[in-house]
Amino acid sequence: MKRKVAAAMAALAVAATSVMMTSSSSAQSSRPADRMVNLGFEDIVTDDPGHLSRLAEQLDAVDATAVSLAVGRTDWTAFPSSSNPNAVSGAVAATGRDYVAEAIKAVGTSAGGRKRDIVLTIDVLLGRSLGEDPSLAGRNAAGQRSSSFASVSALRNGEAGERVAALASEVAGRYRPTAVDLTELMFDDFTFGTDDLVDFKATTGLKDWPRNSSGSIDAADAHLRTWRSEAVADIVRKVRAAVEPYGVRTETDVRSPLVLAAGDRADSGHDYDLLLKQLDRLHVWQYVGLNDAAAPPTKELVRAMNRRAGWRMSLSLGLWSSEGVITPERLGRELRDAARGGAASVSVTPASLMTDEHWEVLKKAWSGRWKALSV
């Protein structure tokens, strides 16, 4: 009798252990394998000596496997640039500090000694450069010059694109990150200057912009989508060639689909399939607080991303909203939906908008403390 009781108790113990292991495995598998937090320029270039240390503690608490660091733009950098010494930010010029190196040292390794993936992000927008050389600026259909966007021609074949490639090469060689990422590389309204018309005609073989019956430019024409997408792919290809000698991946941010989860944003130059031929990973902006009501929900978007390219498409959850910032509860819902969709890679951006409550939600999502989620 005692033997039967002992055997039964042993069987129960084995079963309980199996259940616990299964539950733990399910809880762990409900979080993405790659978990990244994005640090903006405001987090990197700071006079607060304890800021990065506090961020490092938060990254440890949420079990982040990667961190994205903003290195700046080609006309203002967070480190003393050799490729363009006149482009350093005011803080770098005044102090001579390498804020990027300091940030990598502060957050690149967990307290337990685990190395995090480091993604160095270059913002392709311009400011000072367009004031100094207006010919680089894109123009809209009315001929108005952009204060932030370079023209397609300047980035694809001209000086603006050469500067981006040079900056990418410099940060890749200087810091040897996991990846160099491009952000704000997109074309929308400011692609209709005379230089861009020359590039458009050379690419498409057409003699003029596509036009409506009224004679105005038809901004929805498929030729524009193809032209913009081929231009973005060319720019990315140049950046990839610049960083490849250092064994560094090339990545870029892209807009999320407007309506269909399986779609892309070729209207902005973001033809996902074309870009995936040129680089290692796309970071898809899922800025739920800014999206239109028709935008695909996170779970559907993640599933479509997985079907298209698996881990090579990463979900970027933005905290911005029309009111300023999404609530911690909203962030929690989106993180749950990303897990339900089977996201392999998720980033949260930007760290500067994270409150203690946002960090706590992220900790629960990424530490495996949430109950297993059914897909």
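## A tour from the β2 strand to the pockets

Select β2 together with strand β4 (residues 117–123): the two strands pair in the parallel sense over six bridges. Helices (DSSP runs of H or I, at least four residues) and strands (runs of E, at least two) are numbered from the N terminus, and two strands pair if DSSP finds at least two bridges between them. The model is a predicted one, in which local features need pLDDT of at least 70 and side-chain atom pairs count only at pLDDT 80 or more, while totals for chains, interfaces and linings use all residues. Residues are numbered from 1 along each chain as its sequence is written, and side-chain values use heavy atoms, with hydrogens and water left out.

**Stop 1: strand β2 and its partners**

Within the β2–β4 pair, select A66, whose bridge partner in β4 is D117. Next, colour the whole of β2, residues 66–73: eight of its eight residues are buried. Here, buried means under 20% relative accessible area, exposed means over 50%, and partly exposed lies in between (1.4 Å probe, protein chains only).

Add strand β1 (residues 34–39), which pairs with β2 in the parallel sense over four bridges. Selecting N38 leads to S68, its bridge partner in β2. Then follow the chain from β2 into β3, which a hairpin joins to β2 through two residues. These two strands run antiparallel and are joined by two bridges. In a regular strand the side chains alternate between the two faces of the sheet.

**Stop 2: T77**

Select T77, which is placed in strand β3 (residues 76–77) and stands opposite G72. Is T77 buried or exposed? T77 is buried, because its relative accessible area is 1%. Its side chain reaches the backbone oxygen of F79 at 2.8 Å. Leaving aside neighbours within four places in sequence, T77 is in contact (heavy atoms within 4.5 Å) with F41, V71, G72, A87, V88, S89, V92 and L167.

**Stop 3: T349**

Move to T349, in strand β13 (residues 345–349). T349 counts as buried because its relative accessibility is 7%. Display the side chains of T349 and N38, which are joined by a polar contact of 3.5 Å. A polar contact is a pair of N or O atoms within 3.5 Å; within protein, one must be able to donate a hydrogen and the other to accept it, and residues adjacent in sequence count only if both atoms are side-chain atoms. Apart from neighbours within four places in sequence, the residues in contact with T349 are N38, Y287, S316, L317, G318, L319 and W320.

From L319, turn to R330, in helix α13 (residues 328–340). The C-alpha atoms of R330 and L319 are 9.3 Å apart, with the two residues eleven residues apart along the chain. R330 is partly exposed, because its relative accessible area is 26%.

**Stop 4: the pockets**

Pockets and cavities are found on a 1 Å grid over the protein atoms alone: a cavity is a set of points where a 1.4 Å probe fits but cannot get out, a pocket is an open set with protein on both sides within 12 Å along at least five of seven lines, and lining residues have an atom within 4 Å of a point. Grid points are joined across faces, edges and corners, and a volume is the space filled by probe spheres set on the points.

The largest pocket holds about 490 Å³ of space. Of its 27 lining residues, select G40, A70, T121, T183 and T349, the closest to its centre. Two or more lining residues come from each of β1, α2 (41–44), β2, β4, β7 (179–183), β9 (281–286) and β13. Which element gives the most to this lining? Strand β2 does, with five residues.

The second largest pocket has a volume of about 240 Å³. To find it, select S256, L258, R265, L290 and N291, the closest to its centre of the 13 residues that line this pocket.

**Stop 5: the largest cavity**

How many cavities of 30 Å³ or more does a search of the whole structure find? The search finds three. About 90 Å³ of space lies in the largest cavity. Of its 15 lining residues, D34, M36, A66, V119 and R281 are the closest to its centre. At least two lining residues are supplied by each of β1, β4, β8 (249–255), β9 and β13.
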